Amino acid sequence: MFKRRLMAILGLGVAVNCFLFAVYRLCFLGRCADTALSIETGRVLLHGLRLDVALLGFELSSIGLLTLLWRRVRLRVLFWWLCGLTALHAFLCLTNLFAFAERGQNAGDLVLPYITSPYQVYLAVIPFVQQHWLLLAGVAVGGAVGSGLCLWMGRRLEVGVASLDLWGNWKTLMIALGLTLLPLMATWDPIIKQKRATHHHGITAVFANSKYYTQFADFRVNEAVINPLLEFVGVQVPSALQAGIPYRLTEAEAVELWQQAGNPSVDPLYPLLKVVHGREESGIENVVIIQVEGLSGSLMEQERNGRPVLPYLRKLAQTGLYFPNTFQNANFTSGGVFSTATGVPKAPWEDVTHRFASQERHGYYGSLAHVLGASNYTHSFNEGFRQSGDDFLAFMAYQGFRGFDYRDFQTRLKDKNQLADADSLLGIHDGYLMQECGEMLLHCGSPFTAHLMTCTTHSPWVVPPSFAPVFEEPALNAFAYLDASIERFITRLTQVPAIRDRTVFVVLGDHTSVTFGNNLLERLRIPLIFFAPGLPRLENPGAIWASQVDVLPTVLGLMRGDHLYSGMGRNLLDRAAPFTGIMSGTRDKGFFLTKDWVLEYRPTDGETRVLVVKQGEGRAEAEVAENPMEAKRLLTEYLARVELVRRLSCEKRVFPVSETQVARLLGQASEADSPAPKPALATTHELPGWPPHPLNRAANRQ
């Protein structure tokens with residue numbers, strides 16, 4: 001009798017909570033997501049169920065440990081624990097649903113930034129209480145009635161049943177301990193970790209994390225997948241507890257400094273929002289961004305025995321637009337991808353334990369997918385790294401891109417019997433990745449944007465067996481292979497007139513690697529090339545200092561019509577756009593670059609130093625220790641940008657989520673003669689020949 005009732009209580013508790021979370025997700029999709037979800041709903045529920053099971057596994061083990069310490073299993077106490085957890089889950093689901101519906105942020109995003117400012121929380125909550133007091137009264141009454149029923153039912157469960165003494169003998173204690181730890185297995189995901197290009201692999205385990213399952217192209221759908229309590233305890237709180245750098249400026253001060261630099265906004269709620277005016281004669285509608293692993297600017301000038309390392313990229317630079325004084329926004333791949341995709345710079349020292357800080361991964365930025373919409377567009381993000389692709393896919397999915405990673409390309413190449421030559425310790429070689437992306441784009445059937453992230457040009461500099469060595473230096477040989485791969489990719493696409501005449505190709509580095517100079521700016525310099533038919537000519541583009549955040553507004557400036565843009569970059573084609581400095585840095589320090597000065601800032605101790613830029617040639621020549629006023633000014637400008645981006649990211653005020661609001665703001669601010677196309681919600685088309693994401697695929701990646 002005791003065992004049957006115990007199993008019934010546990011089974012019913014798990015089932016009720018899973019049902020509760022499923023109802024919450026359906027309500028969330030119905031209230032917060034404006035797109036048709038008949039196809040996606042099943043995947044949302046399955047992905048969310050995996051996270052729910054992980055949470056319940058942790059909670060059941062915790063209850064088991066408390067019961068072991070209490071020594072006796074009492075059915076009514078166990079039942080009350082489960083009822084309490086169910087009530088907590090229901091409250092958090094309801095809170096999260098209305099928090100997101102009201103403010104576009106989940107409850108954790110609202111609470112954590114203001115945890116030390118209760119009055120701010122009060123100001124955020126009290127208007128909702130005033131408007132929905134009847135709902136809250138109903139919740140209170142329902143909670144009171146439910147509590148009474150739980151108390152009554154708990155007492156009824158123990159009628160005729162004695163408690164179980166877990167310490168009565170060693171056998172009972174060991175069985176109880178094993179059953180207590182068993183649910184913890186549900187909190188881990190088995191990850192297939194491939195060891196070598198020969199396909200030997202092993203399995204490791206990682207804690208279940210939403211980043212493996214939030215890979216939908218719509219921001220709101222990803223928020224529906226997340227389990228509110230698991231996300232809060234497992235992701236948001238640990239991120240908040242890390243040693244952070246406190247704000248030194250108020251938001252008003254940061255906004256004022258940004259606008260004083262010549263950056264007016266079209267809406268005070270979104271201080272970074274502006275209009276980029278396109279070229280009315282332009283026929284460009286497709287965008288392909290090739291972000292190359294470790295592509296330093298100095299590689300463009302390198303030759304061996306009169307043979308250039310990057311002959312095709314040199315050709316693109318001569319026939320397209322080349323900005324040789326372009327600088328990385330961070331010295332690691334996630335920072336480069338983040339800055340390029342969003343148009344806002346990453347503070348590289350902010351969260352050193354994650355590729356993307358919590359507010360970045362869950363943020364809503366003015367990406368190409370969000371700016372151009374998806375009613376007529378296909379947006380894809382493609383990367384071939386074996387390791388850690390889930391972070392990138394989860395982040396880019398939040399920005400509206402359908403992601404394809406190592407396992408997707410591995411499957412396609414295996415079917416073609418090309419995997420042996422295409423695979424490596426790092427991942428899919430660049431040529432094969434571009435081959436598959438080219439095939440995808442050729443059969444797309446709609447305007448497209450594609451962001452490609454390569455991997456071959458990374459230590460240990462291994463190229464496919466089929467590629468004959470060009471240089472004796474392995475690193476240069478890897479870049480020569482990359483150059484040939486880009487040539488094949490662009491040549492193949494531009495052989496189709498409809499693509500050639502409507503596509504802009506962008507090639508840039510994610511960060512530097514091999515450099516041929518030791519001065520500071522040379523270690524930060526990457527190439528930036530735009531290639532498309534009919535590009536305007538610029539006089540002396542080398543005098544224009546740029547960074548990765550300038551890619552997005554410049555692309556929009558090459559297209560037809562006006563578009564809203566929200567970031568800290570500028571349209572490099574617009575000579576009137578002010579140069580406001582470049583943010584860069586490493587995991588332990590930040591750099592702020594101007595044409596005359598370079599600030600180096602260590603946030604952990606506040607130490608700064610200033611270097612002078614000699615004649616604007618990209619060389620930091622001398623320290624200027626005797627200029628504290630210049631250091632103070634540069635630091636204030638740098639912090640204004642860092643802190644403003646972080647605040648707006650946390651509050652999701654970088655780019656409007658609402659389609660109606662985007663159209664209204666664009667209509668008010670645009671001065672174009674012809675109306676701009678109406679943006680649509682970012683839900684991408686399915687790409688021909690590519691399977692939908694199964695539930696377990698994300699969990700089997702690393």
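How many bridges join strand β14 to β16, and in which sense do the two run? There are 4 of them, and β14 (residues 503-509) runs antiparallel to β16. Strands here are DSSP runs of E with at least two residues, helices are runs of H or I with at least four residues, and both are numbered from the N terminus. Two strands pair if DSSP finds at least two bridges between them. All of this comes from a predicted model, in which local features need pLDDT of at least 70, side-chain atom pairs count only at pLDDT 80 or more, and totals for chains, interfaces and linings use all residues. Residues are numbered from 1 along each chain as its sequence is written, and side-chain values use heavy atoms, with hydrogens and water left out.

Taken as a whole, the protein has 24 helices and 23 strands. Of its 702 residues, 54% count as buried (buried means under 20% relative accessible area, exposed over 50%, and partly exposed in between, with a 1.4 Å probe and protein chains only). About 29700 Å² is exposed, and carbon and sulfur atoms supply 60% of that area (Shrake-Rupley method with a 1.4 Å probe; for residues, only the protein chains shown count as cover). As for contacts, meaning heavy atoms within 4.5 Å, 74% of those between residues at least 6 apart in sequence join residues at least 24 apart.

Back to the sheets. β14 and β16 belong to an open sheet of 7 strands, ordered β9-β16-β14-β6-β13-β11-β12, with mixed pairing. The edges are taken by β9 (321-322) and β12 (402-404), each with a single partner strand, so one side of each has no neighbour in the sheet. At the β9 edge, the pairing with β16 (residues 528-531) is antiparallel and runs over 2 bridges. F530 of β16 is the bridge partner of L321, and F530 is also the bridge partner of V506.

A second open sheet has 3 strands in the order β15-β10-β17, again with mixed pairing. Here β15 (525-526) and β17 (546-547) are the edge strands with a single partner each, so one side of each is left without a neighbour in the sheet. β10 (residues 326-327) pairs with β17 in the parallel sense over 2 bridges, and T326 stands opposite A546 in β17.

Two helices are well covered. In α12 (residues 333-342), 10 of 10 residues are buried, among them V337, F338 and the glycines G335 and G336. After α12 comes G343, with a positive phi near 80°. Helix α15 (residues 389-398) also has 10 of its 10 residues buried, so it is largely enclosed by the rest of the structure. The buried residues of α15 include the acidic pair D390 and D391 as well as F392, L393 and Y398. Just after α15, G400 takes a positive phi of about 95°.

Elsewhere, C150 sits in helix α6 (residues 133-157). Leaving aside residues up to four places away in sequence, C150 touches F79, W80 and C83. The C-alpha atoms of C150 and W80 are separated by 6.7 Å, although the two residues are 70 apart along the chain.

A search of the whole structure turns up 5 cavities of 30 Å³ or more. On a 1 Å grid over the protein atoms alone, a cavity is a set of points where a 1.4 Å probe fits but cannot get out, and lining residues have an atom within 4 Å of a point. Grid points are joined across faces, edges and corners, and a volume is the space filled by probe spheres set on the points. The largest cavity comes to about 100 Å³. It is lined by 13 residues, of which A347, E350, E360, V645 and R646 are the closest to its centre. Two or more lining residues come from each of α13 (358-361) and α22 (628-650), with α22 giving the largest share, 4 residues. By class, the lining has 7 nonpolar, 2 polar and 4 charged residues (Ala, Val, Leu, Ile, Met, Phe, Trp, Tyr, Cys and Pro count as nonpolar, Asp, Glu, Lys and Arg as charged, and the others, Gly among them, as polar).

Some backbone details in the loops round things off. The peptide bond from S459 to P460 is cis, with omega near 15°, and P460 lies in the loop between β13 (448-453) and α19 (474-494). N417, in the loop between α16 (406-415) and α17 (419-422), has a positive phi near 60° without being a glycine. N417 counts as exposed, at 72% relative accessibility. N540 lies in the loop between β16 and β17 and likewise is a non-glycine with a positive phi, about 50°. N540 is exposed too, with a relative accessible area of 53%.

How values were computed:
On a 1 Å grid over the protein atoms alone, a cavity is a set of points where a 1.4 Å probe fits but cannot get out, and a pocket is an open set with protein on both sides within 12 Å along at least five of seven lines; lining residues have an atom within 4 Å of a point.
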